[in-house]
Amino acid sequence: MPAGCNITAGFELGCRDNTGGVKRAYILSGSVDEVTSTNSLISSLTGSGSFFAFDQVKQTAAYTETINSSVENGTIFYEQGLTLQFHKYQDSLQDMINTLGNNPEIKVILETNNGAEDNDAKFFYLGQFNGLTLSEGTGQTGTAFGDLNGYSLTFTGQEPEPAKEISVTPSAGAAFNNLQSVMTGITVAYS
């Protein structure tokens, strides 16, 4: 391997204690001025504003990260795709969606279901370098009583690196407290 391209460890199968899905997305209204990280773990975010929390109904939201590589051109980038679902087709959501649609560089922290049962949630920072954009979405009333009445929104972005995990110290209390502990100048809240 060329210098700088050597791997430093292998991958060992562990216990089957993994859970899929998205628990919550935090969308930034403000700016991140500095990200402190070691390898692929973020230890702190410094900036201003708030990461507003958007709870997701279980098994409705998803995140994918697609590796795009060109051997011919010697390039690689990571396509980030986040789909969120919001219930209730209503005016307040329409205003928020319009604002998000106008934003060219959305920053999102993703809280997965993995580890949520023991207050050891996993958080990932999306759009760190280039941001995400609201690339598509649908709003609907549904037809049958059991159909979705609300919105499904997809955010996409292209990044030079995979989404980095945010290193939080689990503590008794809400995931908000764990996430807030790595923020300087930025709040984490519903409103």
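# Exercises on a predicted model

In this predicted model, strand E7 and strand E8 (residues 150-159) run antiparallel and are joined by 7 bridges. The exercises below start from this pair.

**Exercise 1.** Find which residues of E8 stand opposite glycine 137 and glycine 139.

Solution. Step one: take glycine 137, which stands opposite leucine 153 in E8. Step two: take glycine 139, whose opposite residue in E8 is tyrosine 151.

**Exercise 2.** Work out the order of the strands in the open sheet, and state which strands lie at its edges.

Solution. Step one: E4 also pairs with E8, in the antiparallel sense and over 10 bridges. One of the residues concerned is glycine 81, whose bridge partner in E8 is threonine 156. Step two: the open sheet has 4 strands, paired antiparallel, in the order E3-E4-E8-E7. Step three: strand E3 (62-70) and strand E7 (133-140) each pair on one side only, and these two are the edge strands. Step four: on average, neighbouring strands of the sheet are turned by 15 degrees against each other, with direction ignored.

**Exercise 3.** State which strands of the sheet H1 touches, and decide whether E8 is largely enclosed or largely open.

Solution. Step one: H1 packs on the sheet and touches E4, E7 and E8. The direction of H1 makes about 15 degrees with that of E8. Step two: a residue is buried when its relative accessible area is under 20%. Step three: E8 has 10 residues and 7 of them are buried, so the strand is largely enclosed by the rest of the structure.

**Exercise 4.** Describe the largest pocket by its volume, its lining residues and the character of that lining.

Solution. Step one: the volume of the largest pocket is about 180 Å³. Step two: its lining is made up of Ile27, Leu28, Ser29, Phe52, Phe54, Met96, Thr99, Leu100 and Asn103. Step three: two or more lining residues come from each of strand E1 (22-38), strand E2 (41-55) and helix H1 (91-102). Step four: sorted by type, the lining holds 6 nonpolar residues, 3 polar ones and no charged ones.

**Exercise 5.** Locate asparagine 39 and lysine 88, give the phi of each, and decide whether each is buried or exposed.

Solution. Step one: asparagine 39 is in the loop between E1 and E2. Its phi is positive, about 55 degrees, although asparagine 39 is not a glycine. Step two: the place of lysine 88 is the loop between strand E4 (75-87) and H1. Lysine 88 is likewise not a glycine, and its phi is a positive value near 80 degrees. Step three: exposed means over 50% relative accessible area. Asparagine 39 has 74% relative accessibility and therefore counts as exposed. Lysine 88, at 57%, therefore counts as exposed.

**Exercise 6.** Place cysteine 5 in the chain, classify its accessibility, and say how far it is from serine 43 in sequence and in space.

Solution. Step one: cysteine 5 belongs to the segment before E1. Step two: partly exposed covers values between the buried limit of 20% and the exposed limit of 50%. Cysteine 5 has a relative accessible area of 46%, so it is partly exposed. Step three: cysteine 5 and serine 43 are 38 residues apart in sequence, and their C-alpha atoms are 24 Å apart in space.

Technical notes:
Residues are numbered from 1 along each chain as its sequence is written. This is a predicted model: local features need pLDDT of at least 70, side-chain atom pairs count only at pLDDT 80 or more; totals for chains, interfaces and linings use all residues. Side-chain values use heavy atoms; hydrogens and water are left out. On a 1 Å grid over the protein atoms alone, a cavity is a set of points where a 1.4 Å probe fits but cannot get out, and a pocket is an open set with protein on both sides within 12 Å along at least five of seven lines; lining residues have an atom within 4 Å of a point. Grid points are joined across faces, edges and corners, and a volume is the space filled by probe spheres set on the points. Ala, Val, Leu, Ile, Met, Phe, Trp, Tyr, Cys and Pro count as nonpolar, Asp, Glu, Lys and Arg as charged, and the others, Gly among them, as polar. Buried means under 20% relative accessible area, exposed over 50%, partly exposed in between (1.4 Å probe, protein chains only). Two strands pair if DSSP finds at least two bridges between them. Axes are lines fitted to C-alpha atoms, for helices over the stretch in contact, and angles run from 0 to 180 degrees between N-to-C directions. Contact means heavy atoms within 4.5 Å.
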